[in-house]
Amino acid sequence: MPSNIAEGSKRRTDQDFARFLNIAEGSLSETDYLLLCAKDLGYVASRDQVQLADEIDEISRMLYTFRRRIEPAG
C-alpha cells in the first residue's frame with residue numbers, strides 16, 4: 001500500500017494520483033483479508049487481529065478521504 005502511494009505521488013495529474021490511491025485502498029483490503037486468514041490459521045491472536053483490523057479501518061477512512069480530495073470533480 002505505501003508503495004502505491006509513493007509511486008502515485010510522482011504522477012503528473014491528480015487523476016493519476018487518485019488512481020494509485022484507489023489501488024492502495026485495494027491493497028489495504030487485501031491486507032485486511034490476509035490478517036483474517038492469519039488469525040483463522042492460528043498465526044495471529046484474535047485480540048491482535050481485532051486491534052490491527054481497527055487500525056486498517058482507520059487507515060482506510062483516511063485514504064478514502066484523501067483520494068476524494070485529490071480526485072477531480074466529475
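1. In this predicted model, a convenient place to begin is Asp-57, which at 37% relative accessibility counts as partly exposed. Asp-57 has its place in helix α3, and its C-alpha atom lies 9.1 Å from that of Leu-28, a residue 29 positions away in sequence.

2. As to the overall make-up, the chain comes to three helices and zero strands, and from the N terminus on its elements run α-α-α. The radius of gyration is 14 Å, well over the 11 Å that the globule rule gives for 74 residues, so the chain is more spread out than a compact globule. The extents of the C-alpha trace along its principal axes, about 45 × 20 × 15 Å, may be read alongside that value. Buried residues make up 24% of the 74 residues. Of the contacts with a separation of 6 or more, 54% are accounted for by residues 24 or more positions apart.

3. How do the axes of helix α2 and helix α3 cross? Helix α2 covers residues 14–40 and helix α3 covers residues 46–70, and their axes come within 10 Å of each other and cross at roughly 170°. Since angles over 145 degrees count as roughly antiparallel, that crossing makes α2 roughly antiparallel to α3. Sorted by class, the contact of α2 with α3 has 15 nonpolar residues, together with five polar and five charged ones.

4. The structure holds four salt bridges, and the pair formed by Glu-25 and Arg-67 deserves a separate comment. Their side chains meet with an N to O distance of 2.4 Å, and the pair links distant parts of the chain, given that Glu-25 belongs to helix α2 and Arg-67 to helix α3, 42 residues apart. Are these two residues buried or exposed? Both Glu-25 and Arg-67 are buried.

5. A second salt bridge to look at joins Glu-71 and Arg-68, with the closest N and O atoms 3.5 Å apart. Glu-71 counts as partly exposed, at 28% relative accessibility, whereas Glu-25 and Arg-67 are buried. These residues should be considered together, as Glu-25, Arg-67, Arg-68 and Glu-71 are linked in a network of salt bridges.

6. The salt bridge between the side chains of Lys-39 and Asp-40 has an N to O distance of 3.5 Å. Lys-39 is partly exposed, with a relative accessible area of 26%, while Asp-40 is exposed, with a relative accessible area of 56%. Lys-39 also appears among the contacts of Gln-49, which are taken up in the next point.

7. Gln-49 is found in helix α3 and, at 10% relative accessibility, counts as buried because it falls under the 20% limit. Which residues is Gln-49 in contact with, once its neighbours within four places in sequence are left aside? They are Leu-35, Leu-36, Lys-39 and Val-44. Leu-35 comes up again in connection with Asp-48, a residue of helix α3. The two are 13 residues apart in sequence, with their C-alpha atoms 9.6 Å apart in space. Asp-48 counts as partly exposed at 33% relative accessibility, in contrast to the buried Gln-49.

8. Helix α1, residues 2–8, contains Asn-4, which at 15% relative accessibility counts as buried. Leaving aside neighbours within four places in sequence, Asn-4 is in contact with Phe-20, Ile-23, Ala-24 and Ser-27. With helix α2 covering residues 14–40, the contacts of Asn-4 can be followed in the structure alongside the pairing of α2 and α3 described above.

9. Tyr-33, whose place is in helix α2, offers a contrast to the buried positions. At 52% relative accessibility, Tyr-33 counts as exposed, the limit for that class being over 50%. The C-alpha atoms of Tyr-33 and Asp-54 are separated by 13 Å, the two residues being 21 apart along the chain.

Terms used. Residues numbered from 1 in each chain as written. Predicted model: local features only at pLDDT ≥ 70, side-chain atom pairs only at ≥ 80, totals over all residues. Heavy atoms only, no water. Axes fitted to C-alpha atoms, helices over the stretch in contact; angles between N-to-C directions. Helix = DSSP H or I, 4+ residues; strand = E, 2+ residues; numbered from the N terminus. Parallel < 35°, antiparallel > 145°, perpendicular 65-115°, else oblique. Nonpolar A, V, L, I, M, F, W, Y, C, P; charged D, E, K, R; others polar. Buried < 20%, exposed > 50% of the residue type's maximum accessible area, 1.4 Å probe, protein only. Rg over C-alpha atoms; globule rule 2.2 N^0.38 Å. Contact = heavy atoms within 4.5 Å.
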